[in-house]
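Student: I have this structure open and would like to talk through a few of its features. Could you take me through them?

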Amino acid sequence: MSILDSKIPEGPLADKWTKHKNDINLVNPANKRLIDVIVVGTGLAGGSAAATLAELGYNVKAFCFQDSPRRAHSIAAQGGINAAKNYQGDGDSTYRLFYDTVKGGDYRSREANVHRLAEVSTNIIDQCVAQGVPFAREYGGLLDNRSFGGVLVSRTFYAKGQTGQQLLLGAYAAMNRQIGRGKIKMYTRHEMLDVVKVDGKARGIIARNLITGEIERHSAHAVVLGTGGYGNAFYLSTYAMGSNVTAAWKAHKRGAFFANPCYTQIHPTCIPVSGDHQSKLTLMSESLRNDGRIWVPKHKKDVEAIRNGSLKPTDLAEEDRDYYLERRYPAFGNLVPRDVASRAAKERCDAGYGVNQTGEAVYLDFAAAIERYGKEQAYVKGLNVDDKKLVTDLGKKVVENKYGNLFQMYEKIVDQNPYETPMMIYPAVHYTMGGLWVDYNLMTTVPGLYAIGEANFSDHGANRLGASALMQGLADGYFVLPYTIGDYLAHDIRTGEIPTDSKEFDEAEQKVRADIDKLINNEGSKSVDYFHKRLGKIMWNKCGMARNEKDLKEAISEIAALRDEFYKDVFVPGTQDEYNEELAKAGRVADFLELGELFAKDALEREESAGGHFREEYQTESGEALRRPEFQYVSAWEYKGKPSEAVHHKEALEYENIEVKERSYK
Amino acid sequence: MNLTLKIWRQKSANDKGKIVDYPVSGISPDMSFLEMLDVLNQELIEKGESPVVFDHDCREGICGSCSLYINGRAHGPQTKITACQLHMRSFEDGETIYIEPWRAEAFPVIKDLMVDRTSFDRIQQAGGFISVNTSGNTQDANAIPIEKENADKAFDAATCIGCGACVASCKNSSAMLFVSAKVSQFALLPQGQVEATDRVLNMVKQMDEEGFGNCTNTGACEVECPKGISLENIARMNREYLTASLKG
Amino acid sequence: MSGILNSSIGRKFAMALSALFLMVFLLQHFAINILSVFSPDTFNDVSHFMGTFWVIQYLLQPVLIFGVIFHFVMGFVLEYKNNKARKVSYAKTSHAANSTWMSRNMLLTGAVVLAFMVLHFIDFWIPEINTKYIVGDMSGLVDPANTESGYRYYEELVHKFHSPLRVAAYAISFILLSLHLLHGFNSAFQSVGANNKYVKGLKGFSKVYAIGVPLGFIFIALFHYFTH
């Protein structure tokens with residue numbers, strides 16, 4: 001038996017969560033006032049958790065590195081949030097959302113967690129509407145839905161292309177209410193640099209005030225990490241510049257197991273890289289695939305002509321285009337899940353059909369949608385459906401209404417008008433399904449240390465479906481953690497305030513100071529970005545959309561070597577007693593350099609293809625991912641001083657309510 | 001492209017600060033404005049000088065971190081975008097570009113181009129919310145239909161990213177567009193009605209205490225707002241405030 | 001309602017209300033003055049009525065004086081507060097890109113109008129008050145001893161516009177008043193919270209008012225300068 005105890009409650013799947021809530025310990029309201037909780041990160045998960053815990057009566061200290069909790073990167077989520085409301089009457093149900101999520105995750109997630117997620121999904125929508133989140137509505141005044149990749153129903157609620165922003169502002173508003181009441185003490189521009197363990201339990205953190213450089217000790221009865229994913233290990237990604245793994249990695253070093261680090265989502269519709277100067281990639285919402293058709297030219301000669309500018313994509317005849325997703329996956333077409341769409345794009349580009357200078361771009365074309373909508377509108381308005389210009393104009397209006405802001409963003413960045421010529425897109429790192437291992441209560445292997453949202457590994461398996469990240473973040477923060485944390489804190493009602501002058505705090509603070517001293521006093525010659533970019537290149541080329549044994553082994557040794565070089569030759573300007581972005585970045589990159597190695601090690605260990613993890617050695621004849629039953633487990637890595645010495649633990653995944661099948665979208 | 005940058009450098013909140021000239025070369029028109037600053041910063045680091053500090057995070061125009069006053073305009077010469085979405089193709093080779101921080105007493109400079117916008121947070125804390133507990137026991141989301149026109153207007157107001165360009169552009173450093181966007185979002189929704197009176201009074205009170213100036217309806221904020229938030233929201237807040245004053 | 005003037009929105013509201021009142025007054029003033037062009041007799045009759053009717057003299061006139069003073073004082077208070085909100089100014093600004101000159105220079109245009117009003121008071125109002133309330137001549141006649149001499153108002157008006165300097169000052173002031181109104185008219189509506197389709201419909205009217213009324217005043221001045 002594994003040392004990993006997932007603590008999944010007994011009983012039928014659909015009753016587990018209700019039963020669990022009835023069974024666990026509660027803390028009475030008077031005692032909650034005696035208990036402090038630290039929440040690190042103020043995105044959807046952290047923000048909603050902080051607000052809810054404060055509402056319940058706990059004393060919350062919340063931390064974020066941004067200047068305001070409202071700027072956490074959840075804000076950038078565009079498309080929407082799933083919920084099994086079945087408002088459209090198209091056959092949706094809790095079970096179906098559960099089923100789609102497990103299947104979408106390529107049967108690498110925990111049944112009980114996912115079912116709970118599907119159960120509470122409907123509460124999220126109710127809650128957010130009550131908070132004043134302005135979801136899109138139909139003319140009848142009821143909520144509108146759209147469909148997303150990998151599913152056959154319309155269950156995605158949205159607020160134009162800014163759903164993440166609106167949901168985060170909802171959580172931020174809930175936090176503000178508690179900050180105003182004094183129940184949340186907010187620490188902005190603070191970065192967590194270590195977890196402090198006392199008697200084996202998480203009892204506080206060491207944080208650095210980014211403005212003054214001061215190192216601070218904060219104690220609490222429990223610590224919650226809602227610190228997001230680690231996709232910036234790839235340097236170029238759709239993550240925010242500041243997104244980092246540091247909090248999760250420090251927790252890992254203090255004993256929290258890191259699960260499935262190799263599961264990374266590469267989003268199919270991002271704006272392609274334009275040059276070496278690029279600092280980040282911009283996502284174009286998956287919702288665009290509702291109406292956009294993805295293609296490359298059928299013939300190499302046309303590819304050449306397009307690249308050298310002698311042929312315009314709009315002039316290429318229909319029969320000379322390869323709508324490869326529609327060709328390969330007739331049932332789901334352009335709405336296949338993200339991992340499938342991304343790999344298909346890579347396959348075409350690797351075969352030499354990429355349509356831009358770098359050969360790494362495919363078309364996302366709205367001409368058909370514009371024509372279809374235009375005809376519809378012309379018909380409804382009783383106008384001439386054969387008038388091409390009229391139809392195009394009407395169609396453009398419809399498309400503008402649906403995606404106007406995205407089209408505008410594309411035009412600003414690329415300087416091409418997507419209403420006139422197809423968009424160019426290419427996959428980019430977007431989300432990490434892996435993260436800190438947590439049990440059913442969302443507690444890591446360190447007692448009292450919790451991980452929620454993208455920071456944990458639990459709900460998405462090997463691949464996340466679109467519009468599910470927002471769902472999971474809010475589910476964890478609003479509806480799961482506030483219950484489960486009580487079970488643990490019920491034992492702490494007599495503990496009293498945790499002192500910060502203990503030897504454990506001393507030790508942790510000294511370690512943080514030593515790390516900072518080392519970086520700031522290093523007499524190197526290369527900037528932090530220099531190393532980060534190099535790490536990103538290794539990650540992208542060898543641990544990216546397709547991986548193989550040889551590359552992964554090389555990646556492991558290259559990353560380890562790069563890490564040594566980093567410590568020898570990195571140069572951090574300025575001092576530690578001031579706002580010093582380079583110093584903050586150096587600390588983050590140092591952690592990415594360790595995580596990257598574990599990432600590659602995990603990918604090497606997993607000799608199968610599943611979701612976002614594609615091993616070239618394991619594919620079907622038609623090039624689809626080949627899952628292997630012997631790998632039906634969660635990999636959880638225990639830190640032992642170095643990534644190369646991490647100890648591998650397995651949590652077996654059992655599917656009692658879903659038949660594990662080949663994942664087909666054909 | 002070769003450019004001359006005139007950048008505000010200020011070591012700390014108490015430092016006096018001044019404009020410093022930096023020539024940069026080899027800038028590609030495809031770079032974003034912030035990537036151009038990255039190039040400068042890498043050069044400064046190589047020379048052992050301290051890099052220019054500016055707020056930035058998502059670099060896709062939604063987090064509201066970036067706050068650069070470029071050539072006399074918030075977020076630069078283009079409208080409806082943030083500085084991170086601004087690309088160098090909007091400038092001419094050889095151009096001189098002024099880069100300054102947001103200027104307002106309510107947004108004190110922290111370092112170089114980075115300012116403290118926590119006054120915005122405090123305004124929100126004064127009432128920018130609907131007091132509903134996150135129990136999940138609220139009524140069904142479709143229980144109250146909301147007229148699409150109002151829902152859309154509420155959404156348009158809610159798109160504010162809290163960057164502060166409105167304050168920076170306003171000759172009076174007024175925060176009315178920001179505050180009115182939040183007040184409007186809730187005023188347009190039935191959920192927001194219950195607390196409407198207290199909300200607008202408290203938020204405006206906090207806004208005044210933070211030291212923002214008075215709105216004189218120049219409309220600069222609306223033009224420079226990266227999300228195009230309408231002046232109608234300010235009128236709506238005025239209305240809300242005046243009726244609330246009569247009630248309260 | 002208490003303390004509304006302590007809030008930024010309240011101050012703007014008060015500013016807008018006084019402005020709306022002054023704009024009504026200005027229109028009324030113009031309506032009477034333009035009579036001088038068409039019919040000196042009617043002008044005299046109306047002027048006499050306005051100058052002696054107690055409701056106007058003892059109720060509306062003090063309100064008007066209060067309105068004028070309030071509008072000016074509040075204008076300076078707002079400007080002071082607004083300057084305080086940004087103590088360090090930008091090295092480079094491009095205000096023209098996002099707002100009109102008029103909207104940014106209300107204090108300047110207002111100050112010129114204020115200077116004009118001082119002149120106007122010296123020219124008309126002080127002698128008028130002197131005649132009526134100090135000397136005690138409430139007859140409004142050119143020669144109080146001679147009831148046949150007719151009202152003096154038209155004659156005084158014509159007399160003032162003999163001086164080309166005064167006419168020039170008058171014209172310049174009204175041009176600035178026009179600029180003041182071009183922003184102020186709509187701004188007042190915005191400040192009281194009216195910004196709906198009806199108010200937007202007023203935009204055209206506001207231009208007609210802001211340009212037409214001051215132009216009309218200038219026309220009156222020029223008319224009398226050239227015809228007498």
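Tutor: Gladly! Let us start with a definition: a residue is buried if 20 or more other C-beta atoms, placed from the backbone, lie within 10 Å of its own, exposed if 12 or fewer, and partly exposed in between. This is a predicted model, where local features need pLDDT of at least 70 and side-chain atom pairs count only at pLDDT 80 or more, while totals for chains, interfaces and linings use all residues. Residues are numbered from 1 along each chain as its sequence is written, and chains are lettered from A and ligands numbered from 1 in the order in which they are written.

Student: Which burial class does A:Asn86 fall into?

Tutor: A:Asn86 sits in the loop between β3 (81–82) and α4 of chain A, where helices (H or I, at least four residues) and strands (E, at least two) are DSSP runs, numbered from the N terminus. Its phi is near 55°, a positive value in a residue other than glycine. With 18 C-beta neighbours inside 10 Å, A:Asn86 is partly exposed.

Student: And what is phi of A:Lys7 near?

Tutor: A:Lys7 belongs to the segment before α1 (13–23) of chain A. There are 14 other C-beta atoms within 10 Å, so A:Lys7 is partly exposed. A:Lys7 is a residue other than glycine with a positive phi, near 55°.

Student: How are α4(A) and α5(A) oriented to each other?

Tutor: Axes are lines fitted to C-alpha atoms, for helices over the stretch in contact, and angles run from 0 to 180 degrees between N-to-C directions. The axes of α4 (residues 94–104) and α5 (residues 111–130) of chain A come within 8 Å and cross at roughly 135°. Angles under 35 degrees count as roughly parallel, over 145 as roughly antiparallel, 65 to 115 as roughly perpendicular and the rest as oblique. The two helices, α4(A) and α5(A), are therefore oblique.

Student: Which strands stand at the edges of the open sheet in chain A?

Tutor: Five strands make up this open sheet, in the order β5-β2-β1-β9-β17 with parallel pairing; two strands pair if DSSP finds at least two bridges between them. Each edge strand has a single partner, so one side of it is left without a neighbour in the sheet: these are β5 (184–187) and β17 (449–451) of chain A.

Student: Which residue in β9(A) is the bridge partner of A:Val40?

Tutor: Strands β1 (residues 36–40) and β9 (residues 222–225) of chain A pair in the parallel sense over four bridges. In β9(A), the partner of A:Val40 is A:Leu225.
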